[in-house]
Amino acid sequence: MGEDGPSRTQEPTPLLSPPDLHTLSPDDAALIDVDRALEKARAVLDEEHEAVQQAADEVGYWSSSIPSASPAETGVSVPGQVRQNLGRQPFELSGTTPNNPPTSQETTFPTLEYPRPPAADPEGGISEAARRITQGRDPEDIVTRLCRAVVPTVADAVMVYLRDPIPVGDEEQVGPLVLRLQQVHPLHAGEGAALCEVRPGSSLLEVLNGALPVATDSPVGAAALPELLGEGHETTSGGHTLLVPLHGRKRIIGTAVLLRHPAEQAFQDADLSVAAEFATHSALAIDKSHNLQAAVQGLHLARSLADTLQIVANGLVTGLGYELACVNLVQPDGDLVVASFVGNPATEALITGRTGSRTSWERRLAMGEAWGDLRFIPHTEGWVLDNDDVPQWYTDGPAPRFEDEWHPSDRLFAPMYTRSASGASHRELLGVISVDRPLTRRRPRPEERRDLEEYAFQAAIAINNARLRANMQRALVRQEREQQALRASEESFRQAFEYAPSGMAISEMGGDHHGRILRTNDALCRLLGRPASALRRYSFSDLVHPEDIGTLLRTGAEGGRAELRLARRDGTYLWVSLRNSVVADALDGPRFLLTHLEDIEERKRREFDLAHRASHDALTGLPNSAGLHARIDARLCALQERGADATMEGVDDLYLGHADLDALPHTHVRAPVGDNNTHGLAVVFLALRDFKAINTRFGRDAGDSVLVEVAGRLSQAVRDGDTVARYGGDEFVVLADGFGPADAQTAAVWMQSQIHLPIPLGDQAVRMHAGVGIAWAQCGTAPGDILRTARGFAS
């Protein structure tokens, strides 16, 4: 650039730029007078606007920002971080009169008036402003109220820096102390660094650690301001800039920079006192609000019910400012147990876990003063509760010096209710919060009561949610255990089914495929000689022996037992013992038939052998007398003959009592009558003659040989289907069905001739003779009577 080019050297940015009244022309001065008149009119409108805004604050319309103007419209230089925040902040109410209708945003800010109008009512106005600061709902709202209280009461502009992040409770500082520019009011007052890191040993840290505001006309203040705002910011001379530390209960919260016009009077001691009062109220309110927010957030982050109850008690101390806090929880029996206590370890160990009756608690919640849902019992009334069964503690302290001071025997309870799903009108007591010794040493103000009531509401939600989570976790654990038990049971059943030594099968019950085999184990496959895939094509009715199909169908599904024969792959039949049981796949689900099959082939063989021995002669192998009686009895029934027709006697079956005789499956046996070509069951009795002489002459072995030979000859002499039995020592009986009298006589002669044939005994031969008797078996006659009749004919 040439010599005439503009210089690129940037001048320091002044925080407040005063107008130069001495260089104005008369016309300009007249315009300024007009501007001042307009500004006074605007001030009237602003007062109306402030009154509307205050009314909105009182009914709950809080805003997180102050009236702001777009930097592009005002031409004001705003820090980048602040400029970003302004675009996201909502606008407050603007116009309030017909001539000043509501607008979405303000386009300009009033020029700082010089001289600044004095604050009205230094005592009452400051106290009211300090009270309104503490009514803020959150740190941003409190900062906004601080700015409104400071400007124009004490300063022309204010810049508020807060710690980032603000510590919670007894949290220790980690890392450097960082301040973030929170708000500038009014916006065209100037700009500062958005972030400031406070270095150890710096003048700024010395100011922050101090208890009183520091003006920039002091060495410490003059050095601390550039450290806060950053380089390149011009500070006014004298005491027109004030650094006010913001101290919470236990820590540094931030700082406020108060600015006055250079043409104004510098900050005086009275101004410092007002600024300190505003700073104290705002810092404590910010600290409390931040801790309360953190406490409410922490309520819903606990992992268990016990943690939630402890966090509720901790939040009452760290967030709401009480030294002692107790949480009493309703038990299933209705009594309340001390679930958590904070503030005194000795008292905590003494009363935690103790219970108080529901009646005593209901009495407490009906006494004293009702502050919304809260219940305050002053010491003048609470003495009657000293001896009830509710666990309580006692604190010492001086008697109150003024009316609203907290007395050591005052009691404050915050009931916690849970609302039913049917509607919010029905509330059930969940527990009671009890607090004592507020840090202010005064009875809670309305806003503090509101905070405690809201905290109790949030605590009830958190405790109820923790209970639901605990119940859900228990249900999940119980469900998981049940599933594990079910899986273990299924695995045990599978192993028992698959590896059982006896055959097992699962069949379908009901439906179109009733009885179809669905699953078999290896033992059953080996038993029947069929693979599992082949067995799944059958049901047991397809495999059972035709003679045993009735036995299978009569076998019950639940607990049914049967012994029957099943077909093997090679065509043979195997005796098995079958046992059924019903299993369900799920509750009200499909049912299946579980069948156990055991190989009883060997047992059946032994049973048949024993039965054969019991009914057959051991020497000849012919049926013995018992077997003969059984065979005759199987052919006869209990009917008595009456003329040509037979009638039934002793039959109790309702379905057979009046049935036609020809319809009965039994064929009645009758004796032939005369020579009318009728046939019957002939009982041919044969008694050997002189058999004892054979035993005496040749010995018993020879006699046994003779009996065996006679048995063989008789078996050869009869027809297939006739029965030859050894009835006694030397007596034989032949049952021949379908014989007439002549046929029976011919057969008896033939059998006599076969017996008479020579029987070799060593080198000799003998001939046997037999006497023959013929009787006829018929229904209604006992087998013994028939055999005795035949024997009589043979003797």
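User: Which residues does Thr723 touch, not counting residues up to four places away in sequence?

Analyst: Pro623, Arg631, Val733, Val734 and Leu735. This is a predicted model, by the way. Thr723 itself is in strand E24, residues 723-726.

User: What makes Thr723 count as buried?

Analyst: The cut-off for buried is under 20% relative accessible area. Thr723 comes in at 10% relative accessibility, so Thr723 counts as buried.

User: What joins the side chains of Thr723 and Arg631?

Analyst: A polar contact of 3.4 Å. The limit for such a pair of N or O atoms is within 3.5 Å.

User: Why does Thr347 count as buried?

Analyst: Again the bar is under 20%, and Thr347 has 17% relative accessibility, so Thr347 counts as buried. Thr347 is in helix H10, residues 345-351, and touches Phe341 and Trp393, leaving out residues up to four places away in sequence.

User: How much of the protein is buried?

Analyst: Buried residues are 41% of the 795 residues. The secondary structure comes to 23 helices and 28 strands.

User: Why are H5 and H8 called roughly antiparallel?

Analyst: Helix H5 (residues 139-150) and helix H8 (residues 269-299) pack at about 170 degrees, with axes 9 Å apart. Angles over 145 count as roughly antiparallel, and H5 and H8 are therefore roughly antiparallel to each other.

User: Which residues make that contact of H5 with H8, and how do they split by class?

Analyst: From H5, Pro139, Ile142, Val143, Leu146, Ala149 and Val150 meet Phe278, Ser282, Ala285, Ile286, Ser289, His290 and Gln293 of H8. The class count is nine nonpolar, four polar and no charged residues.

User: What makes H8 roughly antiparallel to H9?

Analyst: The axes of H8 and helix H9 (residues 305-318) cross at roughly 175 degrees and come within 9 Å. With the bar at over 145, that makes H8 roughly antiparallel to H9. Asn291, Ala295, Gly298 and Leu299 in H8 meet Thr308, Ile311, Val312, Gly315 and Thr318 in H9. By class, this contact of H8 with H9 has four nonpolar, five polar and no charged residues.

User: What is the strand order in the open sheet of five strands?

Analyst: E17-E16-E20-E19-E18, with antiparallel pairing. Strands E17 (517-520) and E18 (561-567) are the edge strands.

User: What makes E17 and E18 edge strands?

Analyst: Each of E17 and E18 pairs on one side only. Neighbouring strands of this sheet are turned by 35 degrees against each other on average, direction ignored.

User: How do you know that E19 and E20 pair?

Analyst: Pairing takes at least two bridges, and strand E19 (residues 573-584) and strand E20 (residues 591-599) have nine, in the antiparallel sense. One example is Val583, whose bridge partner in E20 is Phe592.

User: What about E18 and E19: over how many bridges do they pair?

Analyst: Seven, antiparallel too, against a minimum of at least two. Ala567 stands opposite Tyr573 in E19. E18 and E19 form a hairpin with five residues between them, and Gly571 in the turn has a positive phi of about 95 degrees.

User: Which helices contact these strands?

Analyst: Helix H13 (residues 446-498) lies across E16 (503-508), E17 and E20, running at about 120 degrees to E16. Helix H18 (residues 601-615) packs on the sheet and touches E18, E19 and E20, its direction making about 125 degrees with that of E19.

User: What makes Asp690 exposed and Arg437 partly exposed?

Analyst: Exposed means over 50%, and partly exposed lies between that and the 20% bar for buried. Asp690 has 62% relative accessibility, so Asp690 counts as exposed. Arg437 has 30%, so Arg437 counts as partly exposed.

User: Where do Arg437 and Asp690 sit, and what is phi for Arg437 and Asp690?

Analyst: Arg437 is in strand E15, residues 423-438, with phi near 55 degrees, positive in a residue other than glycine. Asp690 is in the loop between strand E23 (680-688) and helix H20 (691-698), and has a positive phi of about 55 degrees without being a glycine. Most residues other than glycine have a negative phi.

User: Which omega values go with the cis peptide bonds from Val151 to Pro152 and from His185 to Pro186?

Analyst: From Val151 to Pro152, omega is near 5 degrees. From His185 to Pro186, omega is near -10 degrees. Pro152 is in the loop between H5 and strand E2 (157-163), and Pro186 is in the loop between strand E3 (177-185) and strand E4 (195-198).

How values were computed: Residues are numbered from 1 along each chain as its sequence is written. This is a predicted model: local features need pLDDT of at least 70, side-chain atom pairs count only at pLDDT 80 or more; totals for chains, interfaces and linings use all residues. Side-chain values use heavy atoms; hydrogens and water are left out. Helices (H or I, at least four residues) and strands (E, at least two) are DSSP runs, numbered from the N terminus. Axes are lines fitted to C-alpha atoms, for helices over the stretch in contact, and angles run from 0 to 180 degrees between N-to-C directions. Contact means heavy atoms within 4.5 Å. Angles under 35 degrees count as roughly parallel, over 145 as roughly antiparallel, 65 to 115 as roughly perpendicular and the rest as oblique. Ala, Val, Leu, Ile, Met, Phe, Trp, Tyr, Cys and Pro count as nonpolar, Asp, Glu, Lys and Arg as charged, and the others, Gly among them, as polar. Buried means under 20% relative accessible area, exposed over 50%, partly exposed in between (1.4 Å probe, protein chains only). A polar contact is a pair of N or O atoms within 3.5 Å; within protein, one must be able to donate a hydrogen and the other to accept it, and residues adjacent in sequence count only if both atoms are side-chain atoms.
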